[in-house]
Amino acid sequence: MEGEAHFAQRWGARFEARLYRLCGIDAAQEMTWLQYAGALLLFNLAGTLLIYALQRCNSGCR
Amino acid sequence: MNPQHFTALSADSAFNTAVSFVTNTDWQGYSGESAMSYFSQAAGLSLQNFLSAASGLTVAVVMVRGFKRFNSASIGNFWVDVTRASLYLLLPLALIFSVFLMGQGVIQNLNGDPAATTLEAHQQTLPMGPVASQEAIKELAPMEAVSSTPTRPTVRRIRRR
């Protein structure tokens with residue numbers, strides 16, 4: 001996931017750039033291992049909360 | 001997207017499933033097709049099938065990157081890695097696989113469960129749902145998990161240094 005652009009990455013580059021802009025991500029920003037691990041944990045914590053909420057509101061929370 | 005009108009799951013069961021899907025274990029203490037609404041299945045469980053697999057892939061990639069980069073403080077950007085893993089690997093593979101499954105007759109709809117009469121004149125409910133799209137990533141995600149397990153050459157390299 002670094003080095004020369006893969007053919008799919010050349011096709012998807014514009015879509016990818018738009019996604020990053022939408023989410024406020026600076027794609028060129030490098031992370032230290034601690035920041036990287038933090039982002040990974042945060043991302044999966046958000047996933048846990050989302051699934052938990054969806055199941056508790058399975059029927060639309062009526 | 002809840003034609004069967006399933007109700008909310010209990011707190012402990014929901015927590016168990018949430019942790020299970022985030023860790024790519026994908027274990028449920030109930031039968032998914034008779035408890036989960038289509039929306040919860042697609043937006044929650046299948047989404048997390050993608051994202052937990054993508055998380056696993058980034059960990060594998062970033063470990064290799066850590067070995068490769070010598071005397072470097074940074075190891076890349078997590079958000080970029082997780083986006084690329086989903087966008088260029090998991091989504092295309094899941095798309096191809098789910099279309100193949102549909103071609104082989106796997107169901108893919110949002111209908112309610114129809115009742116059928118068996119040959120012995122018993123009543124039977126046939127579970128429906130968007131099965132092909134969910135089955136594709138469900139089968140792919142654990143494969144990604146296996147492929148991101150550190151292999152022997154990596155272990156040998158750690159010992160040498």
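Which side chain meets B:Arg84 in a salt bridge? Hi everyone, let's start right there. The partner is A:Glu16, and the N to O distance is 2.7 Å. Please keep in mind that we are looking at a predicted model.

That salt bridge belongs to a bigger picture, so to speak: the count between chain A and chain B is two salt bridges. Polar contacts join these chains as well, with 16 residue pairs counted between them, both residues at pLDDT 80 or more.

Now, who does the touching on chain A? Helix H1, residues 7-23, and helix H2, residues 33-56, each supply at least two residues of the side that touches chain B. The largest share of that side comes from H2(A), with 14 residues. Sorted by class, the side of chain A that touches chain B has 18 nonpolar, 10 polar and five charged residues.

Let's step back to the whole interface. Here, 33 residues of chain A are in contact with 50 residues of chain B. For those new to this, the size of an interface is often given as the accessible area lost when the parts come together. Between chain A and chain B, the buried area is about 3,700 Å², and carbon and sulfur atoms give 63% of that.

Next, my favourite topic: the aromatic rings. Searching the whole structure turns up five aromatic pairs over all chains. One of them is A:Tyr36 with B:Phe78, an edge-to-face pair with 5.5 Å from centre to centre and 85 degrees between the planes. This pair crosses between chains, running from helix H2 of chain A to helix H3, residues 78-103, of chain B.

Are these two residues buried or exposed? A:Tyr36 counts as buried because its relative accessibility is 3%, and the cut-off for buried is under 20%. B:Phe78 has 0% relative accessibility, so B:Phe78 counts as buried too.

B:Phe78 also pairs with A:Phe43: the ring centres are 5.6 Å apart and the planes sit at 70 degrees, which is over 60, so this pair is edge-to-face. Again the pair crosses between chains, from helix H2 of chain A to helix H3 of chain B. Both A:Phe43 and B:Phe78 are buried. Put B:Trp79 into the picture, and A:Tyr36, A:Phe43, B:Phe78 and B:Trp79 form one aromatic cluster.

Last stop, B:Lys138. You'll find B:Lys138 in helix H4 of chain B, residues 131-147. Its relative accessibility is 39%, so B:Lys138 counts as partly exposed. B:Lys138 and B:Ala53 are 85 residues apart in sequence, and their C-alpha atoms are 9.9 Å apart in space. Thanks for listening!

Technical notes:
Residues are numbered from 1 along each chain as its sequence is written. Chains are lettered from A and ligands numbered from 1 in the order in which they are written. Side-chain values use heavy atoms; hydrogens and water are left out. Contact means heavy atoms within 4.5 Å. Buried area is the accessible area (1.4 Å probe) that two parts lose on being put together, summed over both. A salt bridge is a side-chain nitrogen of Lys or Arg within 4 Å of a carboxyl oxygen of Asp or Glu. A polar contact is a pair of N or O atoms within 3.5 Å; within protein, one must be able to donate a hydrogen and the other to accept it, and residues adjacent in sequence count only if both atoms are side-chain atoms. Helices (H or I, at least four residues) and strands (E, at least two) are DSSP runs, numbered from the N terminus. Ala, Val, Leu, Ile, Met, Phe, Trp, Tyr, Cys and Pro count as nonpolar, Asp, Glu, Lys and Arg as charged, and the others, Gly among them, as polar. Buried means under 20% relative accessible area, exposed over 50%, partly exposed in between (1.4 Å probe, protein chains only). Rings of Phe, Tyr and Trp (its six-membered ring) pair if their centres lie within 6.5 Å; planes under 30 degrees apart count as stacked, over 60 as edge-to-face and the rest as tilted.
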